[in-house]
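Here are my notes on the entry you sent round. Please read them with the structure open.

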Amino acid sequence: MATKHLVIDPITRIEGHLRIEAIIDENNVVTDAYSSSTMFRGIEEILKGRDPRDCGLLAMRICGVCTGTHYQRSIEAVEHAFDVTIPKNARLVRNLIQGALYLHDHIVHFYHLHALDWVDITEALKADPKATVLEAQKWANISGQRPWNANEDVYVQVQERVTKYVKQGRLGIFGNAYWGSKGFKLTPEQNLIGLSHYLDALELQRELAKMMAIFGGKNPHPQSFVVGGVTCVQDIKNPARIAEFKQILKKARKFTKEAYLSDVYMAGTMYADEALEGIGGGVGNYMSYGGFRLDDLPFYNSAKLFPAGIVKNRDLSKVYEIDQTKITEDVTHAWYEGSTNLHPYDGVTKPNYTGFGKKEDNIAYLDTKNKYSWIKSPLYNDERMEVGPLARMIVGYASNNERIKKYVTNFLTNANLPASVLFSTVGRTAARAIETELMADIMMEWIDELASNVAHGDLSTWTEFDFNTVAKNTKGIGLEEAPRGALGHWVKIKDGKVENYQAVVPSTWNAAPRDYKGRLGAYESSLIGTKVANPDQPLEILRTIHSFDPCIACAVHIIDTNGKELGVYKVNPI
Ligand code: NFE
Ligand code: MG
């Protein structure tokens, strides 16, 4: 059988360095796939011996994208260890900062990192602007919305702007993509809608970054969380700050309903066939730790916006409870020492780089029989899991969570698609959009709750504790949902200092290599069965990998400061 060995390295429009190798058969169908992080980092080691109150500020350097989320998890792990419960204002502020991160990350992901897997920019230039207005109305009407910024003049201007770049041979941000691939299925008018929203989302991104800084102090890497609460007392007391936050939130909410969701209805419909076939589905096990507290009970007793649980083998009729003691990390195929499954409290991060495998035609391939990635393989009760917005929506839906079920059902009814469509690349992308709408809606409630709580005279933002009493020999966990999925930080404290620290991150779950039993990670298994229209333009592979919103900085969280060469391979930027 004639097979081809594809190498895509680096995968662009993600955070960090990811390499995908795929074997395709004579029909161009993926029969095997390998996911490898080619970068190495090291935050967990840096935290050892530190004051646990400082962990948050250091741990958030794990990533420059989902920064606030590591900050918060780390602080929560220490609060758990110290048995400290934060006041209501602190809970709401943390929900709002993290909610703003969700809006920012999901909108930026869909338009700036993922849209060009669906939208062919060159085709958009052939569209009829008048027909585009009608087309935009059609998709917005599905959910009873007015279409975002749909007007003939706008579309003409967008075309003129991009045509100018094309004529000068300076496509800039649109310079390298698989334009003209048969894998693109949208009409010229639909492509123009996507392109127009892409440009609008660039403006919105700036606003959303600002929004995180209103209570966070700065962005990226907010600085207003401390063990016991938050420090932004002056900001929550200032009605102008609250109003500014709300104004940006309203704009993001409108954009989500009028542009983002409509575009996902459009793409979902045009790609419904392959979604119904389950293309991009992957492991079929979905896990959510649960997230966003809705009351002021201690962290692990409080009700959550996203319920915790596991759905196995795509079976929506049963949800399994999560027991964090069943989480382990395996390093059989990762460049670390050891191979046993260790729980994060006892986790070890000792690099053991063994290099690449065979070299052919000047390309060094991954040594896939042995070690081939800087990402460890996390397991839950000895099973592979997918995490992320899709997992949250599936676990919420299967748990009969009223709010999540309403949003998911609404989407499926409007799109006229069955729930089984969720188990696909399209489903993963749709789940993120559904979640963005849900988040924007509930944040309107949270900001009003914060304003009213402060107006009623509650200015408390911090719970006092006696460090010398609480920080003796203890341990704690921060388990929550980051934009890209289930995120856990585990801290062990001895005599007031960090004894061990481990983070198991969403992209670690999803981008991991094979485990000790040879079972594939979520990215790897999602590619199996995917047909590539043209092996020289593996658009379909990119589309599925991008649908996870990879963040490799997070996944590895270790950096080689010596600038050592970690591998020699063909770099073919796309
Ligand atoms: Ni670096 Fe992250 C998120 C975390 S990673 S972006 O969301 O945690 O998967
Ligand atoms: Mg780790």
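1. **Contacts of K472.** Setting aside neighbours within four places in sequence, K472 is in contact with I493, K494, D495 and G496. Keep in mind that this is a predicted model. The pairing with K494 spans 22 residues along the chain, yet the two C-alpha atoms are separated by 5.7 Å.

2. **Setting of K472.** K472 sits in the loop that joins α15 (467-470) to β14 (473-482). Is K472 buried, partly exposed or exposed? Its relative accessible area is 49%, so K472 counts as partly exposed; the exposed class begins over 50%. The side chain of K472 also has a polar atom 3.3 Å from the backbone oxygen of N468. N468 falls within the range given for α15.

3. **Metals of ligand 1.** Which protein atom is a donor to the iron atom of ligand 1? The only one is SG of C66, at 2.4 Å. The iron atom and the nickel atom of ligand 1 are 3.2 Å apart. C66 belongs to the loop between α2 (55-59) and α3 (67-82).

4. **Shell around ligand 1.** The ligand is surrounded by 13 residues. The closest are C63, C66, S507, C551 and C554. Two helices, α3 and α16 (506-511), each supply at least two residues of this shell.

5. **Polar approaches to ligand 1.** Please check three of them in the viewer. H70 brings a polar side-chain atom to 3.2 Å from an oxygen atom of ligand 1. For P483, a backbone N or O atom lies 3.4 Å from an oxygen atom of the ligand. R484 likewise uses a backbone N or O atom, at 2.8 Å from a ligand oxygen.

6. **Length of α10.** Does the span of helix α10 (residues 239-270) agree or disagree with its residue count? It agrees: at 1.5 Å a residue, 32 residues should span 46 Å, and the end C-alpha atoms of α10 are 45 Å apart. The expected figure is 1.5 Å times one less than the number of residues.

7. **Kink and start of α10.** Where is the kink in α10 centred? It is centred on T256 and amounts to about 40 degrees. I would mention it alongside the end-to-end span, which agrees with expectation. At the start of α10, a side-chain oxygen of N238 comes to within 2.9 Å of the backbone nitrogen of A240.

Note on methods
Residues are numbered from 1 along each chain as its sequence is written. Chains are lettered from A and ligands numbered from 1 in the order in which they are written. This is a predicted model: local features need pLDDT of at least 70, side-chain atom pairs count only at pLDDT 80 or more; totals for chains, interfaces and linings use all residues. Side-chain values use heavy atoms; hydrogens and water are left out. Helices (H or I, at least four residues) and strands (E, at least two) are DSSP runs, numbered from the N terminus. Buried means under 20% relative accessible area, exposed over 50%, partly exposed in between (1.4 Å probe, protein chains only). Contact means heavy atoms within 4.5 Å. A polar contact is a pair of N or O atoms within 3.5 Å; within protein, one must be able to donate a hydrogen and the other to accept it, and residues adjacent in sequence count only if both atoms are side-chain atoms. Donors are N, O and S atoms within 2.8 Å of the metal (3.2 Å for Na, K and Ca); water is not among the atoms, so sites may look incomplete. The bend at a residue is the angle between axes fitted to the seven residues ending there and the seven starting there. A residue is near a molecule or strand if one of its heavy atoms lies within 4 Å of it.
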